[in-house]
Amino acid sequence: MLDAVAMAGSNLLSPMVLFFVLGFLAAMARSDLSIPEPIAKAISLYLMLAIGFKGGASLASHGVDATMIGVAAAGIAMSFLLPMLAFILARGLARLSPIDAAAVAAHYGSISIVTFVSASEFLRMLGVSFEGYMVAVMALMETPAIISGLWLARRYLQRPDSGRGQVLHEVFLNGSVVLLTGAFIIGAVSGTKGMTTVAPFIDAPFKGVLCFFLLDMGLIAANRLRGTRAISPGLAAFGILMPLIGGAIGVLIGSVMGLSPGGTALFGVLSASASYIAVPAAMRLALPEANPAVYLTVSLAITFPFNLTVGIPLYLAAARWITGA
Amino acid sequence: MLDAVAMAGSNLLSPMVLFFVLGFLAAMARSDLSIPEPIAKAISLYLMLAIGFKGGASLASHGVDATMIGVAAAGIAMSFLLPMLAFILARGLARLSPIDAAAVAAHYGSISIVTFVSASEFLRMLGVSFEGYMVAVMALMETPAIISGLWLARRYLQRPDSGRGQVLHEVFLNGSVVLLTGAFIIGAVSGTKGMTTVAPFIDAPFKGVLCFFLLDMGLIAANRLRGTRAISPGLAAFGILMPLIGGAIGVLIGSVMGLSPGGTALFGVLSASASYIAVPAAMRLALPEANPAVYLTVSLAITFPFNLTVGIPLYLAAARWITGA
Amino acid sequence: MLDAVAMAGSNLLSPMVLFFVLGFLAAMARSDLSIPEPIAKAISLYLMLAIGFKGGASLASHGVDATMIGVAAAGIAMSFLLPMLAFILARGLARLSPIDAAAVAAHYGSISIVTFVSASEFLRMLGVSFEGYMVAVMALMETPAIISGLWLARRYLQRPDSGRGQVLHEVFLNGSVVLLTGAFIIGAVSGTKGMTTVAPFIDAPFKGVLCFFLLDMGLIAANRLRGTRAISPGLAAFGILMPLIGGAIGVLIGSVMGLSPGGTALFGVLSASASYIAVPAAMRLALPEANPAVYLTVSLAITFPFNLTVGIPLYLAAARWITGA
Amino acid sequence: MQTHTRKKLEIIVDSPLVPRVTALIDRIGATGYTLFQSIGGRGAEGDWREDQLTGAQQKILIKVIAGEETANRLLENLSGELERYSCIIYVSTVEVIRAGKF
Amino acid sequence: MQTHTRKKLEIIVDSPLVPRVTALIDRIGATGYTLFQSIGGRGAEGDWREDQLTGAQQKILIKVIAGEETANRLLENLSGELERYSCIIYVSTVEVIRAGKF
Amino acid sequence: MQTHTRKKLEIIVDSPLVPRVTALIDRIGATGYTLFQSIGGRGAEGDWREDQLTGAQQKILIKVIAGEETANRLLENLSGELERYSCIIYVSTVEVIRAGKF
Ligand SMILES: Nc1ncnc2c1ncn2[C@@H]1O[C@H](COP(=O)(O)O)[C@@H](O)[C@H]1O
Ligand SMILES: Nc1ncnc2c1ncn2[C@@H]1O[C@H](COP(=O)(O)O)[C@@H](O)[C@H]1O
Ligand SMILES: Nc1ncnc2c1ncn2[C@@H]1O[C@H](COP(=O)(O)O)[C@@H](O)[C@H]1O
Ligand code: NA
Ligand code: NA
Ligand code: NA
């Protein structure tokens, strides 16, 4: 426990979290500080490319682990099933309409790339190693939740399924899924030699770029919080409780599957985090009746900051405790 | 004196100044070379983040200097008072209307971040050290001049002060002030350890990024010069005389406060330089009667190039002479 | 021959080509992956700045070669004359209208910077050295082809030459020409010392940035291919045959001029590649009757991918064979 | 100068829906369209500014110049297709020179 | 197709002033607005291109669809509020389908 | 509120041609113009999306508010100057408050 508190402290004082806090405070104080949108998008692409490539290269150098297939299957299952849990909680605790609850549920089955990236930098900072293929697991967990969410919503909607083709297409060929997976494969193919080639671009400046991006995430989170009337106490509670439950389940399953303490913590992080890229775009198209102010606000402005500051060290502490490390 | 000439030469042949000249010549020849605007903004944010963080980290490792409080107070006083001098000169020499003169005056009390950054790279190149907290002094000098400028203008305006709240807000929560100050504090909190983490992003590529940015500054300066009818011989003379006077006063005060030769030179640079980010936006809002073509042209197209090429080595030579280094 | 196959293989598995393929496949599958436009433009500027600077610095450290003047003259002549050949082939093989054929011809006389950059990274990977001034030769070859193309077209157009001044201006002060040449000169002036200063920006991350850019080139090439009805079998054949012929001539002349094997290969690459920046903009202005779908598609979607994957190793193999290396 | 009367349709719609709208414009037989990005707005669903990473609320403005009849058909089809979505559509009258182009 | 007549107000204004204008639009009771970025222009104050770092001359276009009465009230208030500033305002007539939205 | 009738000219044109069009606008004596970037479209020449590095197909929208007479002169000159180029031009009627500005 003491350990967890110390870890939480060192997490809160890392430049990454401090830049998030700076962005958050600046937007709360209505400063006109802002990152141009094409830059934010480019950095987001950079993070995916870099994390994918590094994961693939690490797979190439450490080889395929016996537990890999199991963890991948467990990840897909989690992404499919967590929305059911999230739906019940969103209905009961946050009192959302069925449609809004289904849309929110889809977000929590999916994952947040920045949360994963921040968690893996945190592990690296503490010298905790983890399985390189966790990046591939992340890519696999990104989309199944969308299907669950739409399935949940469909039971409450009286309308023909127009545009379903476009939605499925959007789901499986979403840019972030394609880039993550593609970079992972390229990393695996190019291996250590390829890594040496591109390391000065994707490895050395990575943490600094992440700081810059988290500054923007802080601005975005606070702007959402400030501008919204969509957040009720129940929804706020959901935004904190749901990652705790998801994270606990994730840590439990991760350790059962035989992941290292670091890998277990990351599986917890994936389960605890909520999407803010792939899922909102899909919901907008397939479930326009759902209110984007609700799902974007709870995902970006409640759960993301919670995970970044408190959640990550917590899931690591739990992973260490449960794996006996 | 010979020393100063040699220094000026090595400054003029640095890649930074050469890229500025390239941009300047390209725009003068009406080339279609241009840096996309979101990129220019992002680089500007990057420079603030990096310079702020480095300043804070340097403060953390070298500790607070006895002279720091004094220099900070002197900086604030300079920012408040230089506009009075600039106003008189802008009226007398450049023959500007009171409103335009007040707007211009506000620019010269404030500072130019790129000029400061170029000067500190120049010092580093020559191996001249300076106080890390000069970055904080720069942040403190950014805004007081706006208040002086508005005070000067108000005496000539017969109108109620609408929107004063928004202006004060704009002044104190201006994005560049917030980012500089925030990054400085984060740098001070994270110290050497944080610096190691983000150095490959904010330190190693810094000079190269600055070259890219100065290319854009050259384009912007020459485009302003080409497009304008706002520049008179008197205004041009003002744009060169005012930094010389401000720089001389700054060097004098810096040495009296006990700064190192490098710090003294930077205090001169801050006093000599004119704002092109925080002040124009505030003037646009608070003093829409002032002509932006006047204040932007003299600040960006006359004073900035002058300081970058001739001014910086001059202020250093003066600082060395006066501190007896 | 075996050598060439092995080289082609190692080229195809380099991260650079793999990222191009990823982008190509993503766009073919209609993924929504996309690089924001200002970012693509900025990377393109970065590549020009970096390659220009590096070429100039290399010239400064290795000195001017005796063959340099000859190669420069040969490059200019190639750029003037290749369009004649391309015009005949575009008329005969691709059955284009005279106007479209002239526009296409101008593209093939000029050069593609990314193809050159990819080729020089490929050489570096294999440890094959080349003359630093090839960058200057590239800059010289960029524009003469435009004049040839317009001259070819004029024989078929019954109209007064309005806007010829603007076109010549556009041609000689095109942003990419100015930046390449300017950075080359700055690199030559700053030499090794300047290179050390900016290396962490323009050298270390260069290959990684190129990967990112080639991802975008893949997206662009496939999007063009997908969206077009402009591509006929004849035009596709032209897009592959023309670089082969141009490359063969280039390799022959390069070796005759006494270039090293690496330099010879690069001269082949320059002759084989087709412009996609300077020439299209000039054609749009000077030859609006030509269909941009034709020249952009054949240049970006046929010839560029062909050169990147198959052409580059081929021209190197030919250069080695002909120079007896 | 001789001009011809045409209709200008403007549609402000979520960016994920743009492909569907442009496909419809093609199907109806309009001769073209032009897309513009908006950077913020407010409507029944509340405020939004740029797309803030998610792209979910980003709005695109689509302009179509067309003859009265085509415009009417487009309007009818669009109002059916987009009924459930957050979007606005409005029409005005414009004069053009090259009648054949629209 | 049944349409309803509304007014479209367009305001081109310095970007630092946008918050003040949108606050006014809210206060007057229009149902929404959309913002677009311009990339250059010319007027009484001369030429400008993009914002060239300073942001001081960047212009934003604000479109508001509203009923005649709301539009008139907005126009009157705006012309007072923005009198001292560099900006232009113009109004045209549009047809909309969903009358309730504006 | 007292308003004055003016013409709004809109021109969608290839970006390399913008300097030529704005020079013409100046020559004709219009009081100003504003430029907007479009992000895609379709016309007789087919589809395009952003400028995809080449800048060759990028279209810019130019808005000009002017009196009827100036607008007509502009229209005539433009249709001559731009005849060979891929572009569209259309005109509508707007109401303005400050008559002196246009
Ligand atoms: N009255 C209006 N005038 C101009 N734009 C509007 C108006 N109402 C809505 N919009 C735009 O259309 C988008 C969607 O509107 P809504 O579906 O009402 O949220 C808003 O975000 C605005 O950008
Ligand atoms: N006649 C006009 N037509 C279109 N836009 C204009 C016109 N006059 C001014 N503008 C725009 O409004 C801005 C401010 O105008 P001004 O206050 O006259 O300098 C200019 O920079 C243009 O972007
Ligand atoms: N009917 C139309 N409505 C709106 N925009 C159009 C229309 N026709 C053409 N455009 C725009 O004008 C550009 C050039 O048209 P074109 O010369 O017909 O290829 C197209 O790429 C579109 O952006
Ligand atoms: Na999750
Ligand atoms: Na100053
Ligand atoms: Na060529």
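The following questions and answers concern chain symmetry and the site of ligand 2 in a predicted model.

Local features need pLDDT of at least 70 and side-chain atom pairs pLDDT 80 or more, while totals for chains, interfaces and linings use all residues. Residues are numbered from 1 along each chain as written, chains are lettered from A and ligands numbered from 1 in written order, and side-chain values use heavy atoms, without hydrogens and water.

Q: What makes the relation of chain D to chain F that of a three-fold axis?
A: Superposed by least squares on the C-alpha atoms of residues with pLDDT of at least 70 in both, chain D falls on chain F with an RMSD of 0.0 Å after a turn of 120° and a shift of 0.0 Å along the axis. That is therefore the relation of a three-fold axis. The copies use different surfaces, as 13% of the contact residues of chain D (heavy atoms within 4.5 Å) recur in chain F.

Q: Which residues are closest to ligand 2?
A: Ligand 2 lies between chains E and F. Of the 19 residues that surround ligand 2 (a heavy atom within 4 Å), the closest are A44(E), W48(E), S86(E), T34(F) and K101(F).

Q: Why is the pair formed by ligand 2 and T34(F) called a polar contact?
A: A polar contact is a pair of N or O atoms within 3.5 Å. An oxygen atom of ligand 2 is 2.8 Å from an N or O atom in the side chain of T34(F), so the pair meets the definition. By the Shrake-Rupley method with a 1.4 Å probe, ligand 2 taken alone exposes 480 Å², of which the protein buries 97%.

Notes:
Polar contact = N/O pair within 3.5 Å; in protein donor to acceptor, adjacent residues only side chain to side chain.
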